[in-house]
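Me: I would like to go through this structure step by step. Could we begin with the strands and then move on to the side chains?

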Amino acid sequence: MSKPPKWIEIGAVSDVPVRGSRFIQVSGGAVAVFRTSDDQFFAIDDSCPHLGGPLSQGIVHDQRVTCPLHNLVIDLTSGEGQGPDGGCVRTYPIDVQEDRILMDISTLKQTKVA
């Protein structure tokens with residue numbers, strides 16, 4: 001049985017640069033929120049599954065981010081790593097209402113916005 005969504009506001013659309021990111025500190029780690037060149041928003045764990053690199057510091061291209069440590073490409077939609085090292089990160093639902101970004105934190109125990 002899945003939990004009902006629990007939406008929190010994490011900021012304004014303008015807080016996340018186009019083809020950039022912002023991170024949110026959560027219990028057990030951090031979540032990276034990305035904005036693509038066509039203004040789509042995605043949220044994934046901020047730690048690369050291969051070497052633990054900060055994905056929020058990676059390069060955003062299309063609907064993917066490249067890890068800054070070793071170039072593993074992560075699909076922002078699925079969280080899956082592309083390439084021989086593979087791996088996967090958790091994804092989180094994002095909603096944009098007017099100029100505000102909301103994230104579903106129902107799978108997190110505690111969250112505080114950094």
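Me: Which strands form a hairpin with 5 residues between them?

Reply: That hairpin is made by strand 3 and strand 4. Please keep in mind that the model is predicted. In the turn, D39 has a positive phi of about 60°.

Me: How do strand 3 and strand 4 run, and how many bridges join them?

Reply: They run antiparallel, and 5 bridges join them. Within this pairing, A32 stands opposite I44 in strand 4.

Me: What does strand 2 pair with?

Reply: Strand 2, residues 20–26, pairs with strand 3 in the antiparallel sense, over 7 bridges. Here F23 stands opposite A32 of strand 3. A32 thus appears in two pairings, facing F23 and facing I44.

Me: Why is strand 3 described as largely enclosed?

Reply: Strand 3 covers residues 29–35, and 6 of its 7 residues are buried, so the rest of the structure largely encloses it.

Me: Back to D39 in the turn. Which residue does D39 form a salt bridge with?

Reply: Its partner is R35, with the closest N and O atoms 2.7 Å apart. R35 is buried, at a relative accessible area of 12%, whereas D39 is partly exposed at 44%.

Me: How many salt bridges are found in the whole structure?

Reply: The search finds 3. One of them joins the side chains of E9 and R100, at 2.5 Å from N to O. This pair links distant parts of the chain, since E9 belongs to strand 1 (residues 7–12) and R100 to strand 11 (residues 100–104), 91 residues apart.

Me: Are E9 and R100 buried or exposed?

Reply: Each falls in between: E9 is partly exposed at 42% relative accessibility, and R100 is partly exposed at 32%.

Me: And which residue does D62 form a salt bridge with?

Reply: D62 pairs with R64, and their closest N and O atoms are 3.3 Å apart. D62 counts as exposed, with 52% relative accessibility, while R64 is partly exposed at 27%.

Me: Let us change topic. Where does F42 lie?

Reply: F42 is part of strand 4, which spans residues 41–45. The residue counts as buried, at 13% relative accessibility.

Me: What is F42 in contact with, leaving aside its neighbours within four places in sequence?

Reply: The contacts of F42 are A32, V33, F34, T36, Q63, L76, T77 and I94. A32 is the residue that stands opposite I44 in the pairing with strand 4.

Me: How many residues apart along the chain are F42 and S78, and what separates their C-alpha atoms?

Reply: They are 36 residues apart along the chain, and 9.9 Å separates their C-alpha atoms.

Me: Another residue, then: where is the place of S21?

Reply: S21 is in strand 2. A polar atom of its side chain lies 2.5 Å from the backbone oxygen of S56. Apart from neighbours within four places in sequence, S21 is in contact with V16, V33, F34 and S56. V33 and F34 are also among the contacts of F42.

Me: Now the sheet with strand 5. In what order do its strands come?

Reply: The order is 5-6-7-8, an open sheet of 4 strands with antiparallel pairing. Strand 5 (59–61) and strand 8 (81–82) are at the edges with a single partner strand each, so one side of each has no neighbour in the sheet.

Me: How many bridges join strand 7 to strand 8?

Reply: There are 2 bridges between strand 7, residues 73–75, and strand 8, and the two strands run antiparallel. I74 stands opposite G81 of strand 8.

Me: Finally, the cysteines. How many disulfides does the structure hold?

Reply: It holds 0 disulfides.

Me: Why is there no bond between C48 and C67?

Reply: The closest cysteine sulfur to that of C48 is in C67, and because the separation is 3.8 Å, the two are too far apart for a bond. C48 is buried, at 3% relative accessibility.

Me: And what about C88?

Reply: The sulfur of C88 has its closest cysteine sulfur in C48, at 11 Å, which is also too far for a bond. C88 counts as partly exposed, at 49% relative accessibility.

Notes. Residues are numbered from 1 along each chain as its sequence is written. This is a predicted model: local features need pLDDT of at least 70, side-chain atom pairs count only at pLDDT 80 or more; totals for chains, interfaces and linings use all residues. Side-chain values use heavy atoms; hydrogens and water are left out. A salt bridge is a side-chain nitrogen of Lys or Arg within 4 Å of a carboxyl oxygen of Asp or Glu. Buried means under 20% relative accessible area, exposed over 50%, partly exposed in between (1.4 Å probe, protein chains only). Contact means heavy atoms within 4.5 Å. A disulfide is a pair of cysteine sulfur atoms within 2.5 Å. Two strands pair if DSSP finds at least two bridges between them. A polar contact is a pair of N or O atoms within 3.5 Å; within protein, one must be able to donate a hydrogen and the other to accept it, and residues adjacent in sequence count only if both atoms are side-chain atoms.
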